Amino acid sequence: MTTPALLPLSGRRIPTLSPGASSFPHHRATLRLSEKFILLLILSAFITLCFGAFFFLPDSSKHKRFDLGLEDVLIPHIESGKEGRHGGDPRRAGRCLGARWYGIRADHERALQEAKQKLRKSKKALLHEIQTEKARVAQELKKKDVPRSLPPVPMPKLVGVNDGDPGEPDVKEKRDKIREMMKHAWDSYRQYGWGHNELKPIAKKGHSTNIFGNSQMGATIVDALDTLYIMGLHDEFKDGQEWIEQNLDFSVNAEVSVFEVNIRFIGGLLAAYYLSGQEVFKAKAVQLAEKLLPAFNTPTGIPWAMVNLKSGVGRNWGWASAGSSILAEFGTLHMEFVHLTYLTGNPAYYQKVMHIRKLLAKMDRPNGLYPNYLNPRTGRWGQHHTSVGGLGDSFYEYLLKAWLMSDRTDAEARKTYDDAIEAIERHLIRKSNGGLTFIGEWKNGHLERKMGHLTCFAGGMFALGADGSPGDKAGHYLQLGAEIAHTCHESYDRTVLKLGPEAFKFDSGLEAVAVRQNEKYYILRPEVIETYWYMWRFTHDPKYRQWGWEAAQAIDKYCRVGGGFSGVKDVYSSNPTYDDVQQSFFLAETLKYLYLLFSSDELLPLESWVFNTEAHPLPVLRLANATMPGSQAKR
């Protein structure tokens with residue numbers, strides 16, 4: 001993730017003294033200022049007196065207004081006696097007025113008595129009363145915020161929600177080890193960070209980042225649910241479900257990342273719903289999605305990067321090019337939003353993501369490439385920087401997966417993906433002097449020969465999209481996926497810890513090696529293991545299981561600590577320091593892909609499930625003869 005640069009301080013200048021000038025004013029100037037100050041005080045006192053007289057002295061107009069108020073009180077009583085408004089009995093009116101004043105006085109006395117009783121209570125008792133009242137008000141607000149009942153929809157046919165036993169004892173033993181690692185990560189979070197977004201496993205306390213705002217939204221719980229379910233950890237799954245039912249509240253004053261909340265929370269909740277059938281997950285996903293919709297209120301319909309869940313106010317990251325939105329963020333909503341429209345019947349979600357697609361289709365693309373930045377106000381590209389890693393990656397992934405999720409009927413998505421990959425292959429993909437295939441980054445007409453760990457997901461994407469490629473290119477793209485997998489394995493194998501760095505270069509005689517210190521860290525990322533799993537599914541080459549097991553052993557040896565798992569700051573050091581963060585995606589993605597790598601292909605088969613970019617499986621929507629609400633074309 002790109003680190004934002006520090007903003008400059010305010011441009012206002014601080015006045016300075018000229019050389020040789022005294023820092024103290026002359027005495028005569030002080031005298032003149034004092035006289036003026038006294039005159040100003042007298043004048044302000046006079047004005048205050050006038051205003052006081054105006055507001056507090058008796059005023060006949062005020063009495064008239066008060067009388068009108070009393071008349072409103074008396075009219076119902078007079079009219080109830082079938083008397084005209086001006087012909088009522090004044091004695092009866094007087095009695096009504098007296099009764100009214102008596103009631104006010106009685107209320108006043110009662111309030112005084114209650115106040116006296118409260119003052120006699122201990123501080124502890126008063127605090128308890130305050131907390132009880134706050135809890136009551138919070139519950140009432142939650143009831144008001146409950147989403148409307150959702151229409152019944154047919155559940156897609158779910159295939160492969162089973163044990164996935166691999167059969168071979170040695171493979172099963174490795175899978176059991178991955179399950180034990182998941183148990184250690186979850187139990188540590190349960191003990192030390194429960195309800196917080198993430199965990200600091202060394203400090204043994206909760207952790208959060210600005211992508212989740214300032215609230216405790218239990219990101220690790222939501223992100224880990226489907227992994228727990230797939231691994232058969234059903235007691236842990238129930239604990240997570242209970243927390244979500246009782247504590248997950250989106251009516252908080254928190255500014256969150258639309259992208260991160262979509263892929264982790266909405267994706268995680270939808271996957272948990274499809275796997276378990278528990279309605280609470282669907283209801284919570286819809287409740288959150290409604291909070292994200294205001295982010296699309298921009299001149300172009302390209303959403304802001306962040307939105308306040310309470311106020312609906314959106315904005316972009318301060319470090320993004322000229323206030324731009326980011327391609328990988330606004331381009332990674334399609335899968336979840338299509339499922340939201342399917343489950344709710346509300347066309348808004350589908351329309352929002354299709355509008356983004358149509359807008360991008362009309363725009364010029366330099367060299368056929370999509371720049372990473374787009375201004376949501378003007379609809380113009382920002383800095384011409386194209387990447388298949390951070391800032392760009394999952395945009396391309398979701399083009400392919402939109403086609404797969406539509407049961408291969410969304411031809412527009414497939415064509416857009418094929419065109420984008422053709423441009424990427426022409427301008428970004430190269431072979432190093434040592435024969436390693438890598439994907440560089442295009443910056444203002446220049447290819448930077450550097451590849452990020454995030455880019456390593458592309459090996460799996462090329463393999464996943466091979467079937468259905470135009471012409472006879474299926475074999476070519478499967479081979480390209482294998483070459484990317486090999487390069488990324490080399491980035492792991494050329495380190496001391498056998499864990500991959502955040503980024504690695506291919507120049508000056510160095511290949512697949514990090515150069516800068518701030519690129520040598522490993523934060524429990526999943527992308528390399530993700531590619532191993534896809535390559536295993538499509539080729540069954542045993543080397544992918546071997547490479548995955550090497551990575552699992554290195555994680556268990558160097559990242560495991562007493563309170564969970566932590567990232568490391570230097571994969572080239574034999575004594576690395578920890579970053580003390582157990583990322584939620586470690587449970588959602590890294591451990592899930594490892595578990596699937598050592599399971600049979602019958603567990604979540606790719607013909608029936610499509611994984612979002614946070615590894616949350618969503619079922620293929622077989623809608624060949626149906627129309628999505630709000631769409632024009634048959635799906």
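Visitor: At roughly what angle do the axes of H8 and helix H11 cross?

Guide: This is a predicted model, in which local features need pLDDT of at least 70, side-chain atom pairs count only at pLDDT 80 or more, and totals for chains, interfaces and linings use all residues. Residues are numbered from 1 along each chain as its sequence is written, and side-chain values use heavy atoms, leaving out hydrogens and water. Axes are lines fitted to C-alpha atoms, for helices over the stretch in contact, with angles running from 0 to 180 degrees between N-to-C directions. The axes of H8 and H11 (residues 334-344) come within 10 Å and cross at roughly 45°.

Visitor: Which orientation class does H8 have relative to H11?

Guide: Angles under 35 degrees count as roughly parallel, over 145 as roughly antiparallel, 65 to 115 as roughly perpendicular and the rest as oblique. The crossing of H8 and H11 at roughly 45° therefore makes H8, relative to H11, oblique.

Visitor: Is the crossing of H8 and H11 left-handed or right-handed?

Guide: A crossing is left-handed if the near helix is turned anticlockwise from the far one by less than a right angle, and right-handed if clockwise. For H8 and H11, the crossing is left-handed.

Visitor: Which residues of H11 meet H8?

Guide: Contact means heavy atoms within 4.5 Å. On the H8 side, the residues are Asn262, Ile263, Ile266, Gly267, Leu270, Tyr273 and Tyr274. Their counterparts in H11 are Glu336, Phe337, His339, Leu340, Tyr342 and Leu343.

Visitor: At about what angle does helix H8 run to E3?

Guide: Helices (H or I, at least four residues) and strands (E, at least two) are DSSP runs, numbered from the N terminus. E3 belongs to an open, antiparallel sheet of three strands in the order E3-E4-E5, with E3 (255-257) and E5 (314-315) as the edge strands. Strands pair if DSSP finds at least two bridges between them, and E3 is joined to E4 (residues 306-308) by three. Helix H8 (residues 258-276) lies across E3 and E4, and its angle to E3 is about 70°.

Visitor: How many residues does H8 give to the largest nonpolar core?

Guide: A nonpolar core is a set of buried Ala, Val, Leu, Ile, Met, Phe, Trp, Tyr and Cys residues joined through side-chain atoms within 4.5 Å. The largest one has 163 residues, and those with the most contacts inside it are Ile178, Phe265, Phe462 and Ile555. H8 supplies the largest share of this core, 12 residues.

Visitor: Which strands stand at the edges of the sheet that contains E14?

Guide: That sheet is open and antiparallel, with three strands in the order E13-E14-E15. Two of them have a single partner strand each, so one side of each is left without a neighbour in the sheet. These edge strands are E13 (450-452) and E15 (510-513).

Visitor: What is the bridge partner of Phe506 in E15?

Guide: E14 (residues 503-507) pairs with E15 in the antiparallel sense over three bridges. Within this pairing, Lys505 stands opposite Val513. The partner of Phe506 is Glu511.

Visitor: Which residue takes a positive phi in the hairpin of E14 and E15?

Guide: The hairpin has two residues between its strands. One residue takes a positive phi near 55°, namely Ser508.

Visitor: How many residues of E14 are buried?

Guide: Buried means under 20% relative accessible area, exposed over 50% and partly exposed in between (1.4 Å probe, protein chains only). E14 also pairs with E13 through three bridges, where Gly452 is matched with Ala503. E14 is mostly covered, and of its five residues the number buried is four.

Visitor: What is the relative accessible area of Ala588?

Guide: Ala588 lies in helix H19 (residues 584-597). Beyond its neighbours within four places in sequence, Ala588 is in contact with Asp223, Thr227, Glu614, Ala615 and His616. Ala588 counts as buried because its relative accessible area is 0%.

Visitor: How far apart in space are Ala588 and Ile221?

Guide: In sequence, these two residues are 367 residues apart. In space, C-alpha to C-alpha, the separation is 9.5 Å.

Visitor: Is Lys592 buried or exposed?

Guide: Lys592 is found in helix H19. Outside its neighbours within four places in sequence, Lys592 has contacts that include Asp226, Ile230 and Phe611. Its relative accessibility is 1%, so Lys592 counts as buried.
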